[in-house]
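Colleague: I should be grateful for a close look at a single helix of this predicted model. Which of its residues are covered, which are open, and how does that part fit into the whole chain?

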Amino acid sequence: MKQQEIDRLSIIGRANAETPSFFLKLRNIGLALAAVSAALLATPVALPAIVTTIAGYLGVAGAVASAVSQVTVKG
């Protein structure tokens, strides 16, 4: 894709466009981080406050990395 075509893409168009391989790997790592975070936060056992705090930050970081990686366009 040329830069002018990329500039005219909407968010949905960007999400459906081809993604570079580095950002595919980064997206998958972000999804894994978010999944680990969700598993830690959903445990029925009482965890120390530091663990739940780190899990919350991990979830946010994973979600942001996945979202940004998904809308990156090859070109």
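**The two sides of helix α4**

Modeller: Let us begin with the open side of the helix: A49, I50, Y57 and V60 of α4 are exposed there. On the other side of this helix in the predicted model, the residues A55, G59, G62, S66 and S69 are buried. When one looks down the axis of α4, the buried residues fall within an arc of 115°, so they line one face of the helix. The background to such a pattern is general. An α-helix has 3.6 residues a turn, so residues three or four places apart point the same way.

What do the buried residues of α4 pack against? Their partner is helix α3, which covers residues 21-41.

The length of the helix can be checked by a short calculation. Helix α4 comprises 22 residues, from 49 to 70, and at 1.5 Å a residue they should span 32 Å. Since the expected span is 1.5 Å times one less than the number of residues, it is the steps between residues that enter the product. The C-alpha atoms at the two ends of α4 are 32 Å apart, which agrees with the expected span.

One residue on the open side merits individual attention. Y57 has its place in helix α4. Its relative accessibility is 62%, and because the threshold for exposed is over 50%, Y57 counts as exposed. Between Y57 and S37 there are 8.3 Å from C-alpha to C-alpha, although the two residues are 20 apart in sequence.

The partner helix can be examined in the same manner. K25 lies in α3 and, at 56% relative accessibility, counts as exposed. The C-alpha atoms of K25 and V71 are separated by 13 Å, while their positions lie 46 residues apart along the chain.

Aromatic rings are also worth a look. The chain contains 1 aromatic pair. In this pair, the ring centres of F22 and F23 are 5.2 Å apart and the planes stand at 80°, so the arrangement is edge-to-face. F22 counts as exposed at 55% relative accessibility, whereas F23, at 25%, counts as partly exposed.

An earlier helix offers a further example. G13 lies in α2, which covers residues 11-16, and counts as partly exposed at 22% relative accessibility. Along the chain G13 and G30 are 17 residues apart, and their C-alpha atoms are separated by 21 Å.

Finally, the helix may be placed in the whole chain. The chain has 4 helices and 0 strands, and from the N terminus on its elements run α-α-α-α. Its radius of gyration is 16 Å, well over the 11 Å that the globule rule gives for 75 residues, so the chain is more spread out than a compact globule. Along its principal axes the C-alpha trace spans about 50 × 20 × 15 Å. Buried residues make up 17% of the 75 residues. Of the contacts between residues at least 6 apart in sequence, 76% join residues at least 24 apart. The accessible surface of the chain comes to about 5200 Å², and 70% of it belongs to carbon and sulfur atoms.

How values were computed. Residues are numbered from 1 along each chain as its sequence is written. This is a predicted model: local features need pLDDT of at least 70, side-chain atom pairs count only at pLDDT 80 or more; totals for chains, interfaces and linings use all residues. Side-chain values use heavy atoms; hydrogens and water are left out. Buried means under 20% relative accessible area, exposed over 50%, partly exposed in between (1.4 Å probe, protein chains only). The arc is that of the directions from the helix axis to the C-beta atoms. Contact means heavy atoms within 4.5 Å. Rings of Phe, Tyr and Trp (its six-membered ring) pair if their centres lie within 6.5 Å; planes under 30 degrees apart count as stacked, over 60 as edge-to-face and the rest as tilted. The radius of gyration is taken over C-alpha atoms; the globule rule is 2.2 Å times the number of residues to the power 0.38. Accessible areas come from the Shrake-Rupley method with a 1.4 Å probe; for residues, only the protein chains shown count as cover.
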